[in-house]
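Hi,

Here is the structure I said I would pass on. Have a look at it first, and then read my notes underneath.

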Amino acid sequence: MKKILSVVLMLAMVLSTCFVLASCGTDENAKATGDTQTAGENTGSGEKLSVDPDFKVGFIFLHDENSTYDKNFMDAAKAAQEAVGLSDSQVLFKSNVPEGNECYEAAAELADAGCDLVFADSFGHEPFIMQAAEEFEDVQFYHATGVNAHTAGIENFHNAFASIYEGRYLAGIAAGMKLNEMIEKGDITADEAKIGYVGAFNYAEVVSGFTSFFLGARSVCESATMEVVYTNSWFDIALEKEAANKLMDDKCVLISQHADSEGAPKACEERGVPNVAYNISTMSMAPTTALISSKINWAPYMQMIIEAAVKGEKVAADTCYTMKEDAVQILGLNEAVAAEGTAEALEEAKAKLLSGEIKVFDTSKFTVNGEHLTEYMADVVSDPNFEPDTNVISDGCFRESEERSAPYFDIKYIDGITEK
């Protein structure tokens, strides 16, 4: 049986000293709401600790390394392992774990194997991780993309996400500049600047992502429009390729995605259409069409929670990291495909995001049915009926990931975006 490592949690943390860089570019003294930890606290010291050899960490992945989504988590786990100084015997991976009771069983097996900390990576894992947390009270359970930890009151259960909308916005700028180049060259007209987007599901996480991407593109290419197709699967190579082809058949001249395979990028390479990927650079598989990618870098968060467990430090129930901690990245800018000046434009925009000058979801920059939003009730407190409960617009901005780390921007759709 496992050695008990006591990790005391504080369920009502007031994080008044943390740096918050949320969707509206808040300042260094912005508040964290509820028990949600935002940027700047417990981000990992970078030092290799003296760790008891019996200390173990378990990771649960929805798929394996063939999924760009899961590979991104696996790479982060290995980076955190190296940063903290854990041996291979102290890190246990379980891959291809479905979003069902198999997840509870995997979590229970890791707890019984002596893991002091267990991390799961998929939205649908959440109820089964919560079940395990209630049973194995001496194990800390962490879950990415979930929505319940900030209100569940389970002391050893935590959620985390990152402000990926910042990375999506920057990738959108690269896309908009590419559209402008195509217009200037006469390849398309301004009213033909249509983006296609392959989405997994119509969840808030996906909607938030493609909306921020579109707003980035629109910030430099005013005539841009976007069409979305859902695959209703996080990982399906054939469906994602089919969706990309469907969008290109509908005269979309640039494709992006929130889906986890190489299906869409490879379809774009076959047809010579620029693509913007997610989680990994696709330059190796689409050298003539890959434009750029964005991703959440989970390594800082994973390092932080491992170090906290080793040291017996407190971790908030809900945590959102930002670009400030390098938790949001853009990668793989393909100079052979990108419009001239893209790298410089991205650096400038990134600086403005960090300073708060650029606000991703600035409500003056978009309309819904021709109207600017002054309030919006979002479903922040999870319930079976998905009932809206919190106004998330203030000071002219939709405040994504401030009330809860997981996205809740679920407006379908702002003007300029349609579903095919």
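Below is what turned up when I went through it. Keep in mind that this is a predicted model.

Salt bridges first. The count comes to twelve salt bridges, and a few of them are worth opening in your viewer.

Start with Lys-71 and Asp-75, whose closest N and O atoms are 2.9 Å apart in a salt bridge. Both sit in helix α1 (residues 68-84), and because they are four residues apart there, about one helical turn separates them. Lys-71 has 31% relative accessibility, so it counts as partly exposed. Asp-75, at 35%, also counts as partly exposed.

Next, Lys-94 and Glu-109 meet through their side chains in a salt bridge, 2.8 Å from N to O. This pair links distant parts of the chain, 15 residues apart: Lys-94 belongs to strand β3 (residues 91-94) and Glu-109 to helix α2 (residues 101-112). Lys-94 is partly exposed, because its relative accessibility is 25%. Glu-109 has a relative accessible area of 44%, so it is partly exposed as well.

Then there is Glu-181 with Lys-178, again a side-chain salt bridge at 2.8 Å, N to O. Both residues lie in helix α5 (residues 164-184), three residues apart, or about one turn of the helix. Are these two buried or exposed? Both Glu-181 and Lys-178 are buried. There is also a network: Lys-194, Glu-227, Asp-250 and Lys-420 are joined into one by salt bridges that share partners.

On to charge at the surface. Glu-134, Glu-137, Asp-138 and Glu-155 form a negative surface patch. One of them, Asp-138, is in the loop between α3 (126-135) and β5 (140-144). With 38% relative accessibility, Asp-138 falls between the 20% and 50% cut-offs and therefore counts as partly exposed.

Now the backbone. As a reminder, most residues other than glycine have a negative phi, and most peptide bonds are trans. Which residues go against that here?

- Asn-232 has a positive phi, near 60°. This residue is in the loop between β8 (225-230) and α7 (237-249). At 54% relative accessibility, Asn-232 is over the 50% cut-off, so it counts as exposed.
- Asn-279 has a positive phi too, near 80°. Its place is the loop between β10 (275-278) and β11 (290-296). Asn-279 is under the 20% cut-off with 3% relative accessibility, so it counts as buried.
- Lys-412 and Tyr-413 are joined by a cis peptide bond, with omega about 5°. Tyr-413 is found in the loop between β17 (397-398) and β18 (417-419).

One last residue to look at is Ala-308, in helix α9 (residues 299-311). Ala-308 counts as buried because its relative accessibility is 0%. Which residues does Ala-308 touch, not counting those up to four places away in sequence? They are Glu-313 and Val-315.

If you only have time for a quick look, I would go to the buried pair Glu-181 and Lys-178, then the cis bond between Lys-412 and Tyr-413.

Cheers

Definitions and conventions:
Residues numbered from 1 in each chain as written. Predicted model: local features only at pLDDT ≥ 70, side-chain atom pairs only at ≥ 80, totals over all residues. Heavy atoms only, no water. Helix = DSSP H or I, 4+ residues; strand = E, 2+ residues; numbered from the N terminus. Buried < 20%, exposed > 50% of the residue type's maximum accessible area, 1.4 Å probe, protein only. Contact = heavy atoms within 4.5 Å. Patch = residues over 30% accessible without salt bridge, like charges linked within 9 Å, V, L, I, M, F, W, Y side chains within 5 Å. Areas by Shrake-Rupley, 256 points an atom, 1.4 Å probe, with all protein chains shown as cover. Salt bridge = Lys/Arg side-chain N within 4 Å of Asp/Glu carboxyl O. Lys, Arg positive; Asp, Glu negative; His and termini not counted. Charge placed at Lys NZ, Arg CZ, Asp CG, Glu CD.
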